[in-house]
Amino acid sequence: MTYDSGWVPPGARIQVVQDSGRQGTAVELRVAGLRPGHAYGAHVHTGACTADPADAGGHYQHREDPVQSSEDPDYVNPHNEVWLDFTPDEHGEGFAAAHHRWGFRPGEANSVVIHQEPGGAGERLACFTVPFEPRG
């Protein structure tokens, strides 16, 4: 689901792979067809993608901030969330990976949102619904 075709042009592609086991959960992101050299943010979100970017919910947090929407750096950080920031190369291709010793809670991680800026914020540019699984 693309929300801003200026930043995520038609024909752009995304692939998300999850690997879970005793050592935790790894998530890998590959993109193609995005603006070369621009630093994007990407995060696992709680909701599925729809035409309304807000429906993807907030960032998935291993330790949930009791105050939503979460802005507390004790919760909004790459150790408590899955941050997949990337900068596409000259061909528009990018890669990011994150590994955590924890796994997803059942049904609470449902998409990856690409943001205009790296880190914890930025406009939502695109959303990809992912059937994340809890750690087995």
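This short presentation covers one histidine, the main nonpolar core and two pockets of a predicted model.

Good morning, colleagues. I shall begin with H115. This residue sits in strand β5, which spans residues 111-115. Is H115 buried or exposed? Its relative accessibility is 2%, so H115 counts as buried, the cut-off for that class being under 20%.

What does the side chain of H115 reach in these surroundings? One partner is another histidine: a polar contact of 3.2 Å joins the side chains of H115 and H45. In addition, the backbone oxygen of G122 lies 2.9 Å from the side chain of H115.

The wider list of contacts, setting aside neighbours within four places in sequence, includes Y40, G41, A42, H43 and H45. H59 is also in contact with H115, and so are A121, G122, E123, R124 and L125.

I turn now to the nonpolar interior. The largest nonpolar core comprises 25 residues. Which of them have the most contacts inside the core? They are L29, F86, F104 and F132. At least two core residues come from each of β2 (24-32), β3 (41-45), β4 (94-100), β5 and β6 (124-129). Strand β2 gives the largest share, with 3 residues.

F104 merits a closer look. Again leaving aside neighbours within four places in sequence, F104 is in contact with F132, which is itself listed with F104 among the core residues that have the most contacts. Other contacts of F104 include T25, V27, V44, Y60, V82 and A109. Q18, E133, P134 and R135 also touch this phenylalanine, within the contact criterion.

Finally, the pockets. The largest has a volume of about 220 Å³. Its lining consists of 15 residues, and those nearest the centre are G58, H59, S69, S70 and G120. H59, as I mentioned, is one of the contacts of H115. By class, this lining holds 2 nonpolar, 10 polar and 3 charged residues.

The second largest pocket has a volume of about 160 Å³. It is lined by 14 residues, with T2, V8, A12, I14 and A126 closest to its centre. How do the residues of this lining divide by class? There are 12 nonpolar residues, 1 polar and 1 charged. Strands β1 (13-21), β5 and β6 each contribute at least two residues to this lining, and β6 provides the largest share, 3 residues.

To close, I return to strand β5: it holds the buried H115, supplies at least two residues of the largest nonpolar core, and supplies at least two residues of the lining of the second largest pocket. Thank you.

How values were computed
Residues are numbered from 1 along each chain as its sequence is written. This is a predicted model: local features need pLDDT of at least 70, side-chain atom pairs count only at pLDDT 80 or more; totals for chains, interfaces and linings use all residues. Side-chain values use heavy atoms; hydrogens and water are left out. Helices (H or I, at least four residues) and strands (E, at least two) are DSSP runs, numbered from the N terminus. Buried means under 20% relative accessible area, exposed over 50%, partly exposed in between (1.4 Å probe, protein chains only). A polar contact is a pair of N or O atoms within 3.5 Å; within protein, one must be able to donate a hydrogen and the other to accept it, and residues adjacent in sequence count only if both atoms are side-chain atoms. Contact means heavy atoms within 4.5 Å. A nonpolar core is a set of buried Ala, Val, Leu, Ile, Met, Phe, Trp, Tyr and Cys residues joined through side-chain atoms within 4.5 Å. On a 1 Å grid over the protein atoms alone, a cavity is a set of points where a 1.4 Å probe fits but cannot get out, and a pocket is an open set with protein on both sides within 12 Å along at least five of seven lines; lining residues have an atom within 4 Å of a point. Grid points are joined across faces, edges and corners, and a volume is the space filled by probe spheres set on the points. Ala, Val, Leu, Ile, Met, Phe, Trp, Tyr, Cys and Pro count as nonpolar, Asp, Glu, Lys and Arg as charged, and the others, Gly among them, as polar.
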